[in-house]
Amino acid sequence: MRYLTFALAKGRLARKTLEIFEKIGITCEEMKDPDTRKLIFVNEELRLRFFLAKASDVPTYVEYGAADIGVVGKDTILEEGRNLFEVMDMGFGKCRMCVCGPESARELLKKNEIIRVASKYPHIAKDYFNNKKNQTVEIIKLNGSVELAPIVGLSEVIVDIVETGTTLRENGLDVLEEICPLSARMVVNQVSLRMEHERIHKLLTDLNGVLNQ
Ligand code: PRP
């Protein structure tokens with residue numbers, strides 16, 4: 001039997017995924033060692049392999065078939081725009097993709113003016129403003145601490161993830177528009193879904209059993 005390979009977005013998403021996998025009898029003991037520098041972990045008995053990757057690379061590994069299956073946030077899936085099958089909402093990592101800014105920017109969003117939008121998610125931001133709102137905007141790509149942008153005058157608004165809303169609150173910003181809900185999703189390579197249909201189908205059935213409890 002060939003290995004079924006999983007790419008997990010390293011950090012909280014991977015930890016939570018492995019917790020859920022344990023509930024359906026999929027374990028990977030060597031992955032639990034906090035000091036390990038290994039990149040790939042194997043469960044010989046079940047013929048499974050796991051590796052941890054940067055979230056934004058997970059869809060790439062899955063599209064090319066280097067991983068059969070990935071678990072990654074919907075934000076990353078939308079931003080990367082890869083050819084994949086999204087097969088399951090894992091139900092954790094729930095948050096929202098929003099347009100945020102100071103209350104004073106709310107008017108600018110109604111007037112169809114050309115505004116500057118800072119984001120770690122330039123594709124999601126561009127798609128939302130150009131295709132859903134028909135508003136021409138200038139997108140400025142940032143790599144983190146995006147909330148700074150409207151405060152220091154880099155942009156009028158931002159497109160970013162809001163989870164608890166604490167970052168916005170503590171920086172005097174608000175949610176101005178909601179783009180879409182987000183959560184962790186399971187994605188599958190298009191060929192793997194056909195070739196390994198039985199094993200993947202069983203995995204999804206087992207997961208559904210514990211996720212719906
Ligand atoms: C994310 C996101 C927001 C924050 C939202 O940032 O970009 O800044 O979390 O969470 P909250 O609504 O619970 O405050 P992250 O911590 O990933 O770091 P970053 O600033 O480097 O993007």
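This is a short talk about one protein chain and what its predicted model shows.

Let me begin with the whole chain. There are 213 residues, and 45% of them count as buried. The secondary structure comes to 9 helices and 11 strands. Measuring tape aside, the C-alpha atoms fill a box of roughly 60 × 35 × 35 Å along the principal axes. The chain exposes about 11,600 Å², and carbon and sulfur atoms supply 49% of that area.

How do the contacts spread along the sequence? Take the contacts between residues at least 6 apart in sequence: 68% of them join residues at least 24 apart.

Next, charge. The chain has 30 positive and 32 negative charges, and the mean positions of the two sets are 1 Å apart. The structure also holds 20 salt bridges. I will go through three of them.

The first on my list is between glutamate 63 and arginine 82, whose side chains meet with a distance of 3.1 Å from N to O. This pair links distant parts of the chain, 19 residues apart: glutamate 63 is in helix 2, residues 58-63, and arginine 82 is in the loop between helix 3 (74-80) and strand 5 (85-89). Buried or exposed, or in between: what is glutamate 63? At 23% relative accessibility, glutamate 63 counts as partly exposed. Arginine 82, at 30%, also counts as partly exposed.

The next salt bridge joins arginine 185 and aspartate 89, at 3.8 Å from N to O. Here too the pair links distant parts of the chain: arginine 185 is in strand 11, residues 184-188, aspartate 89 is in strand 5, and they are 96 residues apart. The two partners fall into separate classes. Arginine 185 has a relative accessible area of 12%, so it is buried, because buried means under 20%. Aspartate 89 has 42% and is therefore partly exposed.

Let me stay with aspartate 89 for a moment. Which residues does aspartate 89 touch, if we leave aside its neighbours within four places in sequence? They are Ser183, Ala184, Arg185 and Leu211. So Arg185 appears in that contact list as well as in the salt bridge, where the cut-off is a side-chain nitrogen within 4 Å of a carboxyl oxygen. There is also a C-alpha distance to note: aspartate 89 and asparagine 208 are 119 residues apart along the chain, and their C-alpha atoms are separated by 9.6 Å.

For contrast, consider glycine 144 and alanine 66. They are 78 residues apart along the chain, and their C-alpha atoms are separated by 28 Å. Glycine 144 is in the loop between strand 8 (137-141) and helix 6 (148-152). At 30% relative accessibility, glycine 144 counts as partly exposed.

My last salt bridge is between arginine 199 and glutamate 196, where the closest N and O atoms are 3.5 Å apart. What else is joined to this pair? Salt bridges that share partners bring Arg2, Asp68, Glu196 and Arg199 into one network. Arginine 199 counts as buried at 18% relative accessibility, and glutamate 196 counts as buried at 11%.

Now helix 5, residues 122-132. Its buried residues include Pro122, Ile124, Ala125, Tyr128 and Phe129. A general point helps when reading such a list. An α-helix has 3.6 residues a turn, so residues three or four places apart point the same way. With that in mind, look again at Ile124, Ala125, Tyr128 and Phe129, which are among the buried residues of helix 5. Just after helix 5, asparagine 134 takes a positive phi of about 50°.

Finally, two surface patches. A positive patch is formed by Lys10, Lys54, Lys120 and Lys141. Where is lysine 10? Lysine 10 is in the loop between strand 1 (4-9) and helix 1 (12-23). Why does lysine 10 count as exposed? Its relative accessibility is 57%, and exposed means over 50%.

The other patch is nonpolar. Leu148, Ile151, Val152 and Leu154 make a surface of about 360 Å². One of these, leucine 148, is found in helix 6.

That is the end of my notes.

Conventions
Residues are numbered from 1 along each chain as its sequence is written. This is a predicted model: local features need pLDDT of at least 70, side-chain atom pairs count only at pLDDT 80 or more; totals for chains, interfaces and linings use all residues. Side-chain values use heavy atoms; hydrogens and water are left out. Patches are made of residues with over 30% relative accessible area and no salt bridge: like charges are joined within 9 Å, nonpolar side chains (Val, Leu, Ile, Met, Phe, Trp, Tyr) within 5 Å. Accessible areas come from the Shrake-Rupley method with a 1.4 Å probe; for residues, only the protein chains shown count as cover. Lys and Arg count as positive and Asp and Glu as negative; His and the chain ends are not counted. The place of a charge is taken as NZ of Lys, CZ of Arg, CG of Asp or CD of Glu. Helices (H or I, at least four residues) and strands (E, at least two) are DSSP runs, numbered from the N terminus. Buried means under 20% relative accessible area, exposed over 50%, partly exposed in between (1.4 Å probe, protein chains only). Contact means heavy atoms within 4.5 Å.
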